[in-house]
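Work through the exercises below with the sequence and the model side by side. Each task is followed by a stepwise solution.

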Amino acid sequence: MTTKWTAVRVLRDRTAGRCLTAVVVSGFGTSALWLASGVWVKDLTGSDGLAALCLLAMWAPTLAGPVLGTLADRHRRRPLLVALSLFMAALLLTLCAVDAPGELWLLYTVLFVYGAAGTVHDAAESALVAGAVDRSLLGDFNGLRMTANEGMKLLAPLAGAGLYTAYGGSGVAVLDAASFLAAALVYVSLRVREERPVRTRESGRSATAEGVRRLWGDPVLRPLVLAGGVTMLCAGVSGALTYAVVEDLGHSPAYAGVLYAVQGAGSVTVGLLSGPGLRRLGARRFAAYGIGLLAVAVALRAVPYDPMAWACAAAIGVGLPAALIAVLTGVQQRTPGPLLGRVTATANTLVFTPNVVGLAAGAALVELLDHRAQLAGLGVVLAVTAAVLLGQREASADRTAARSASDASPA
């Protein structure tokens, strides 16, 4: 089966295509707001620290992922996604009232709620897709989703910056609200059959713990998620060193935008190739090879040579998403539907929280240690992570799942 054929098959699948459309639409608004919120605060206060708090406000709720993900398992996923999208569309419109430093509390509050709703949204969407999309297409769907998200990261900030310049932060808030409204309409149009979740007497704490136990007790998912967390930690530190790398190349800070664009192109590529790759290799080996490629690319960023920097950026764009796609697909394939929301959210917390820690650590270490030594060290850590993951004993259930997916969609 060719990459093109499987990608077209995903887009032709009614549910998969519409879910992907909803991801693209809402992701466009989110990416635009992510950039504009910091610029908005900077313009109102002149403070870099207060501007940086915008990112913290959006990321902080992911720490409560296991708890928030439980909400996605207590309700039918499609109505929940519709309700969340409409709620966020209404909430974002309140940002039109922010036009002075004294009203920034409202912006931070909205961003915090935005992050919490987004955590529930991602968990519910992953569970909906896993139950409605052909199992053999999950890898292709997650790859195309990654491609779409990377494409939004290239386009949406430009649109957000232009809209902010013309209409201010309220204009970007209205754009994001409109994107959520459009996503809600897409979810309404989905025709999926969902059983009403069985009501149990277990407490929220017990339900959350059940999801954590399920993830931690799975011999395939546990090492996969841990490897993903270590990878994102190293990626965070490496990302914080970008401007030091650019300076070593002899360019202005704006050159970082070129490297990010090349990295985005690599991410688009691996998104298109992930479905066939996962079917051939399985989630564990696909992730391990991606992390191994990332290890080489991160270490070679220490070489102050433009063609090398471009090649490393493209390789990072391929290797890092490969690990993330493998984790999400593995969770979807190995988790029972009633637990999928909380297990997905728990996995996201374990994988993405280290990235924020890595960014903070990298920002501190760049002033204390030579960036080349740090990059070499990160390369070693990533290489060891890939080797450990590759050396994990493949569970028979994982091999069976991989074979059944391949049998359903023969190459």
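**Exercise 1. Are D73 and R342 buried or exposed, and what links them?**

Solution. This is a predicted model, and the steps below read its geometry.

Step 1. Check accessibility: D73 is buried, and R342 is buried as well.

Step 2. Check the charged atoms. D73 and R342 form a salt bridge, with the closest N and O atoms 2.7 Å apart.

Step 3. Place the partners. D73 belongs to helix α4 and R342 to helix α14, so this salt bridge ties together parts that are 269 residues apart in sequence.

Step 4. Look for further partners. A network of salt bridges links D73, R77, E210 and R342.

**Exercise 2. Find where the salt bridges R145 with E125 and D248 with R372 sit, and give their exposure.**

Solution. Side chains of opposite charge can pair when their charged atoms come close.

Step 1. Start with the total: the count comes to eight salt bridges.

Step 2. Take R145 and E125. Their closest N and O atoms are 2.7 Å apart. The pair links distant parts of the chain, with R145 in helix α7 and E125 in helix α6, 20 residues apart. R145 and E125 are both buried.

Step 3. Take D248 and R372. Their closest N and O atoms are 2.8 Å apart. D248 lies in helix α11 (residues 242-249) and R372 in helix α15 (residues 371-391), so the salt bridge ties together parts that are 124 residues apart in sequence.

Step 4. Assign exposure. The relative accessible area of D248 is 26%, so D248 is partly exposed. R372 has 36%, so R372 is partly exposed too.

**Exercise 3. Classify the aromatic pairs and say which parts of the chain they join.**

Solution. A pair of aromatic rings is described by the distance of the centres and the angle of the planes.

Step 1. Count: there are two aromatic pairs.

Step 2. Take W59 and F352. Their ring centres are 6.4 Å apart and their planes meet at 50°, so the pair is tilted. The partners come from distant parts of the chain: W59 from helix α3 (residues 48-59), F352 from helix α14 (residues 340-365), 293 residues apart.

Step 3. Assign exposure to this pair. W59 is partly exposed at 26% relative accessible area. F352 is also partly exposed, at 26%.

Step 4. Take Y114 and F180. The centres are 5.7 Å apart, with 80° between the planes, and the pair is edge-to-face. Y114 sits in helix α6 (residues 104-132) and F180 in helix α8 (residues 169-189), so parts 66 residues apart in sequence are tied together.

Step 5. Assign exposure again. Y114 has a relative accessible area of 6%, which is under 20%, so Y114 is buried. F180 is buried at 8%.

Step 6. Add a charge over a ring. The charged end of R222 sits over the ring of W216, 6.0 Å from its centre.

**Exercise 4. Which elements build the largest nonpolar core, and which residues have the most contacts inside it?**

Solution. Go from the whole core to single residues.

Step 1. Size: the largest nonpolar core has 56 residues. L92, L95 and L107 have the most contacts inside this core.

Step 2. Elements: those giving two or more residues are α2 (14-45), α3, α4 (65-73), α5 (77-93), α6, α7 (138-167) and α8. The largest share, 14 residues, comes from α6.

Step 3. Take L92. Beyond its neighbours within four places in sequence, L92 contacts L33, V110, Y114, A173, D176, A177 and F180.

Step 4. Look elsewhere. A second, separate core has 54 residues, among them L224, A235, V270 and V327.

**Exercise 5. How far does α5 reach, and what do its buried residues pack against?**

Solution. Compare the span with the expected value, then turn to packing.

Step 1. Span: α5 has 17 residues and covers 25 Å from its first C-alpha to its last. That is close to the 24 Å expected at 1.5 Å a residue.

Step 2. Buried positions: they are R77, L80, L81, V82, L84, S85, M88, A89, L91 and L92.

Step 3. Partners: the buried residues of α5 pack against α2, α4, α6, α8 and α14.

**Exercise 6. Describe the surroundings of S37 in helix α2.**

Solution. Two steps suffice.

Step 1. S37 has a relative accessible area of 1%, so S37 is buried.

Step 2. Leaving aside neighbours within four places in sequence, S37 contacts C54, L107 and L111.

Technical notes. Residues numbered from 1 in each chain as written. Predicted model: local features only at pLDDT ≥ 70, side-chain atom pairs only at ≥ 80, totals over all residues. Heavy atoms only, no water. Phe/Tyr/Trp six-rings, centres within 6.5 Å; stacked < 30°, edge-to-face > 60°. Helix = DSSP H or I, 4+ residues; strand = E, 2+ residues; numbered from the N terminus. Buried < 20%, exposed > 50% of the residue type's maximum accessible area, 1.4 Å probe, protein only. Lys NZ or Arg CZ within 6 Å of the ring centre and 35° of its normal. Core = buried A, V, L, I, M, F, W, Y, C linked by side-chain atoms within 4.5 Å. Contact = heavy atoms within 4.5 Å. Expected span 1.5 Å × (residues − 1). Salt bridge = Lys/Arg side-chain N within 4 Å of Asp/Glu carboxyl O.
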